[in-house]
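This report is intended to be read alongside the sequence and the three-dimensional structure. Please have both in view.

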Amino acid sequence: MESGEATVVLNAGSHYMLAHLPEWDVFTAVLRGRLRLKSAGITNPVAVGDRVRYEDDTIVEVLPRRNYVIRRSTNLSRQAHIIAANVDMAYIVVSLYFPEVKLPFLDRILVTCGVYGIPATIVLSKTDMYREEAPEAIAAFHEIYEGAGYPVLETSVLTGEGIDELRKACSGCVNLFSGESGVGKSSLIKALDPSLDPKIGQISEAHLQGKHTTSLYQMYPLASGGYVIDSPGIRGFGLVDLEKEEIYKYFPEMLRASAGCRFTPCTHTHEPGCAVKAAVDSGEISAERYNSYLGMLEEDKKFR
Ligand SMILES: Nc1nc2c(ncn2[C@@H]2O[C@H](COP(=O)(O)OP(=O)(O)O)[C@@H](O)[C@H]2O)c(=O)[nH]1
Ligand SMILES: [Mg+2]
Ligand SMILES: [Zn+2]
């Protein structure tokens, strides 16, 4: 019997691909039934990036995770799905237009990354499509998110803007590419390493055919070093493992300001002497970010 440890590089629902990184010697594996049973409430007990122990073609154990990102479906089932494990950096890809970025959705992903201790960089993609037409909108976006404390990297696979920089940043790390479908995640991965073949423009096709978008998470090795995990478009992004009272701590600018609140605990909604509200009023904290926070408090009420 052959056994050993390897990393999960593809999760296709029913089967997995493993490799002995940094060797890219990909092989197929299935999951031992017992592992499935142990993870009630989680749709996938094994995720891309997981280190596992296998015996022959069967995964028998998931080794302890350094971190992971989990997504809870926003429908009634509230099933949780592990997006990826052992990630060094999450790149949250958004385009200002085509498709238009939804800030509450972006903020929700950023909070989730914070909860799971994964640093996040925002990639503002497809800049070739709106740099001329909307320079103010780009500047405003930078101000909001760099002001909050997140790096923002502008990219275009057409002009090549930001690609070298992104490639350099990805080197030596495991990088998760996340974000709504159609924002250009797969295109970016292709631009980072043209020898790779991630499926581009998949989602619109699946949408037209009314197909259920499969949850295919796949890791790719970059010729320039490091690994990238491509993920399908995420729609709902429910909060997991986060008490309502804790949400503000994952808005870095709110956490900073909250030191000055008169009352503890402070929900930063109605309390007198709230330093967060004062910072929103003075424009120091962006109204959009604060709105996202309020939205998350509201949503939290719905689910508990
Ligand atoms: N103009 C322009 N189009 C892009 C860029 N990146 C991706 N696209 C297009 O946007 C669509 C969706 O890209 P894809 O990489 O599949 O997005 P994903 O769903 O996030 O993986 C495709 O038609 C791409 O050709 C870009 O930088 N500039
Ligand atoms: Mg894609
Ligand atoms: Zn407050």
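The sections below treat the metal site, a ligand site and selected backbone features.

## Basis of the report

The structure described here is a predicted model.

## The zinc site

Four protein donors surround the zinc ion (ligand 3): Cys261 through SG, Cys266 through SG, His268 through ND1 and Cys274 through SG. These donor atoms lie 2.1 to 2.4 Å from the zinc ion. Along the chain, the donors of the zinc ion follow the spacing C-x4-C-x1-H-x5-C. The angles subtended by the four donor atoms run from 102 to 118°, and the arrangement is therefore tetrahedral, since four donors are assigned to that class if all angles lie between 85 and 135 degrees.

Two of the donor residues can be described further. Histidine 268 and cysteine 274 are both buried. Histidine 268 is placed in the loop between α7 (252-258) and α8 (275-281). The relative accessible area of histidine 268 is 1%, and this residue counts as buried because the limit for that class is under 20%. The backbone of histidine 268 has a phi near 60°, a positive value in a residue other than glycine.

## The site of ligand 1

The shell around ligand 1 comprises 16 residues, of which Asp128, Gly182, Lys185, Ser187 and Gly201 come nearest. By residue character, the shell divides into five nonpolar, seven polar and four charged residues. Helix α5 (residues 185-192) gives the most to this shell, with three residues.

Several polar contacts can be located in the model. Aspartate 128 places a polar side-chain atom 2.7 Å from a nitrogen atom of ligand 1. Two glycines approach oxygen atoms of the ligand through their backbone: a backbone N or O atom of glycine 184 lies at 2.9 Å from an oxygen atom, and a backbone N or O atom of glycine 201 lies at 2.6 Å from an oxygen atom. Ligand 1 exposes 580 Å² when taken alone, and the protein buries 79% of that area.

## Cis peptide bonds and positive phi

Most residues other than glycine have a negative phi, and most peptide bonds are trans. Against this background, several positions merit inspection.

A cis peptide bond joins leucine 21 to proline 22, with omega of about 5°. Proline 22 belongs to the loop between β2 (16-19) and β3 (27-31). Another cis peptide bond links phenylalanine 98 and proline 99, where omega is about -5°. Proline 99 is found in the loop between β8 (89-95) and α2 (103-115). Aspartate 56, in the loop between β4 (51-55) and β5 (58-62), has a phi near 50°, a positive value in a residue other than glycine. The relative accessible area of aspartate 56 is 42%, and the residue is partly exposed.

## A buried asparagine

Asparagine 175 lies in strand β11 (residues 174-178). With a relative accessible area of 0%, asparagine 175 is buried. What does the side chain of asparagine 175 reach? The partner is the backbone oxygen of cysteine 173, at 3.1 Å. This distance satisfies the polar contact criterion, which requires the pair of N or O atoms to be within 3.5 Å.

Key: Residues are numbered from 1 along each chain as its sequence is written. Chains are lettered from A and ligands numbered from 1 in the order in which they are written. This is a predicted model: local features need pLDDT of at least 70, side-chain atom pairs count only at pLDDT 80 or more; totals for chains, interfaces and linings use all residues. Side-chain values use heavy atoms; hydrogens and water are left out. Donors are N, O and S atoms within 2.8 Å of the metal (3.2 Å for Na, K and Ca); water is not among the atoms, so sites may look incomplete. Four donors count as tetrahedral if all angles lie between 85 and 135 degrees; four count as square planar and six as octahedral if opposite donors are over 155 degrees apart and all others between 65 and 115; anything else is irregular. Buried means under 20% relative accessible area, exposed over 50%, partly exposed in between (1.4 Å probe, protein chains only). A residue is near a molecule or strand if one of its heavy atoms lies within 4 Å of it. A polar contact is a pair of N or O atoms within 3.5 Å; within protein, one must be able to donate a hydrogen and the other to accept it, and residues adjacent in sequence count only if both atoms are side-chain atoms. Accessible areas come from the Shrake-Rupley method with a 1.4 Å probe; for residues, only the protein chains shown count as cover. Helices (H or I, at least four residues) and strands (E, at least two) are DSSP runs, numbered from the N terminus. Ala, Val, Leu, Ile, Met, Phe, Trp, Tyr, Cys and Pro count as nonpolar, Asp, Glu, Lys and Arg as charged, and the others, Gly among them, as polar.
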